[in-house]
Amino acid sequence: MATNAKQTMPIRSNSVEIVNLQDTLTPFGVRLAGIYMRSFAYITLKDRLPIILTKIVDNLSRNKEQIAQKFGQNATEEIKQMVGFISQLKNEIVTNKALTILPIIENDSDNDAAVWNKYLEDKTEKEGATPTWFNTEWLYCECYMYRRLAQKFLLMSALHTYDPFQQQKRDSFINSLCNIEILNKYLLDMIDRAKLMQIEKKDLLFKLIELNLWGNKCDLSLSAGADNNQTGNPIEQLAIFHDDILDDASDFVWQVLSKQKPNDSDIVDMVLDNAGYELFTDICFAIFLINFGLAGKVRFYVKRYPYFVSDAVVKDFHWILDYMKKSSSPELKRTAQLSYDYLENKTWTIEEESYWTCPYDLADMKEKDKILYAKLSDAKLIIFKEALRGFRPTNILSLRTIKSDVCVGLPPGKGEMLYEKDKNWMVTGKYGLIQATVESACNCSIIC
């Protein structure tokens, strides 16, 4: 995509000096960074992340009495410490300070702060100077912010299990209950039918893939924590939204799931993204896969720490099931019980892996976490909600609504055409991608 005229000398933005700041879009093929003033990365560092941190401070200050009742009186003093820490962190971002190492928790070999610190050390050596927020890769910076925030809470004695995004995630689910009940009834109606013909099963798979895709719009980090609950009938909206799917490899996924051979794996891995409505669509998708024989086991992968505002952790998964179990809706109660049954008999498992919150991208996993890579290789399909850059331990389905200026797999000229229509098309979540990398019958790799 063509960029506009740019400035490449050190200039100042809002009285902050940013080396090589450029008044341009992100150049094609370049990693996102805050030096490109017309990029999602720049807006994220300048506005979105500071807003997210400010909301954490506001919530801590507004709810300090309730927090102290739950976590003990020591929490009151720790809230003051957290408010000071977060205010400092926000200032470091907006003034483009250098990133700093994470404090180590003594006698906690399971904590990965040392991994993050080694990554920062290596990056400093590679770049010739300690990375600053705007002058290094944006995605690394944003991940670092959430990991540094999590580490500060882990170091607290009273607040070490506090999730600063918990209420936002729960509110997001509750505010989407109308959609959730419609989708839930639709799924149960399909299950209650005696038997689906293959063509009906295929059609239902395609619908659930699209429902899961559009659930990915519910990203509280994109909205900086603002309400993003879903409205309208999600089933009826599928036809309306279908033309906004820019790449659709659903048919390849059907081939992978439906053509089970002897000794083939029957495991489907789901690497979860957002809690709330999206997590409910994940649960529905998993119920469908098990109930209609397209998978024998589903493994849900959650984040270890509160991450990117709405990313799902173990507590979020169980909270949704408990909420449905206590609901006045018989249909939601039934789905909750079905989910509990799958968890009890190990048809479903919830997996915590440190790699999802480490500084490395997925393309590094084969070297950096051989055990997890081998585990994922045992699945017949892995479902992600992101771009993967060459990562491929097995067949992969990537469901992603486009919410940052990164996109692959479009026909030539498509991106330029969309930009002419809406210059912000890559950051709104309006458009979606259903992409897959699978093995064909002749064992050739197909990227679609």
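1. Let's start with a term you will meet throughout: a residue is called buried when its relative accessible area is under 20%, exposed when that area is over 50%, and partly exposed in between. Please keep in mind that this is a predicted model. With the cut-off in hand, take F153: its relative accessibility is 3%, so this residue counts as buried.

2. Now look at the ring that F153 meets. F153 and Y162 make an aromatic pair, with 5.5 Å from centre to centre and 40° between the planes, an arrangement described as tilted. Y162 is buried too, having a relative accessible area of 13%. Over the whole structure, 26 aromatic pairs turn up. Which residues form one aromatic cluster? They are W116, Y119, W133, Y140, Y144 and Y360.

3. Rings can also have a charge over them. At Y305, the charged end of R147 sits over the ring, 4.2 Å from its centre. At F241, the residue lying over the face is K217, at 4.3 Å from the ring centre. Try turning the model until you look straight at each ring.

4. Next come the salt bridges, and the count of these is 26. One of them joins the side chains of K123 and E137, with 2.6 Å from N to O. K123 belongs to helix α4 (residues 113-127), whereas E137 is in the loop between α4 and α5 (138-154), so this pair ties together parts 14 residues apart in sequence. Is K123 buried or exposed? K123 is buried, as its relative accessible area is 7%. K123 and E137 also belong to a network of salt bridges that links them with R31, E127 and D361.

5. A second salt bridge, between D192 and R334, has its closest N and O atoms 2.6 Å apart. Why does this pair tie together parts that are 142 residues apart in sequence? The reason is where the partners lie: D192 is in helix α7 (residues 177-192) and R334 is in helix α13 (residues 330-344). D192 is partly exposed, with a relative accessible area of 48%. R334 is partly exposed as well, at 37% relative accessibility.

6. For a third example, find E200 and R193, whose side chains meet in a salt bridge at 2.7 Å, N to O. E200 counts as partly exposed, with 25% relative accessibility. R193 is partly exposed, and its relative accessible area is 36%.

7. Helix α8 deserves a look of its own. This helix covers residues 198-215, which makes 18 residues. From the first C-alpha of α8 to the last, the reach is 25 Å, close to the 26 Å expected at 1.5 Å a residue. The buried residues of α8 include L204, L205, L208, I209, L211, L213 and W214. Charged side chains appear on that buried list too, among them K201 and E210.

8. Moving on to strands, how many residues of β4 (residues 267-271) are buried? Five of its five residues are buried, and the strand is mostly covered. On one side you will find I267, D269 and V271, and on the other V268 and M270, so to picture β4, imagine a strand with both faces covered.

9. Strand β4 also has neighbours on the sheet. Five bridges join β4 to β5 (residues 297-302), and the two strands run parallel. Opposite V268 stands V298 in β5. Between these strands the chain passes through helix α11 (residues 277-291), giving a β-α-β crossover that is right-handed. Three bridges join β4 to another strand, β7 (residues 381-384), again running parallel. Here V268 has L381 as its bridge partner.

10. Finally, check two backbone angles. Most residues other than glycine have a negative phi. N107, however, has a positive phi, near 60°. This residue lies in the loop between α3 (74-94) and α4, and N107 is exposed, with a relative accessible area of 83%. K346 has a positive phi too, near 70°. You can find K346 in the loop between α13 and β6 (348-352), where K346 is exposed, with a relative accessible area of 55%.

Definitions and conventions
Residues are numbered from 1 along each chain as its sequence is written. This is a predicted model: local features need pLDDT of at least 70, side-chain atom pairs count only at pLDDT 80 or more; totals for chains, interfaces and linings use all residues. Side-chain values use heavy atoms; hydrogens and water are left out. A salt bridge is a side-chain nitrogen of Lys or Arg within 4 Å of a carboxyl oxygen of Asp or Glu. Helices (H or I, at least four residues) and strands (E, at least two) are DSSP runs, numbered from the N terminus. Buried means under 20% relative accessible area, exposed over 50%, partly exposed in between (1.4 Å probe, protein chains only). The expected span of a helix is 1.5 Å times one less than its number of residues. Rings of Phe, Tyr and Trp (its six-membered ring) pair if their centres lie within 6.5 Å; planes under 30 degrees apart count as stacked, over 60 as edge-to-face and the rest as tilted. A charge sits over a ring if NZ of Lys or CZ of Arg is within 6 Å of the ring centre and within 35 degrees of the ring normal. Two strands pair if DSSP finds at least two bridges between them. A crossover is right-handed if, with the strands pointing away from the viewer, the path from the first strand over the helix to the second runs clockwise.
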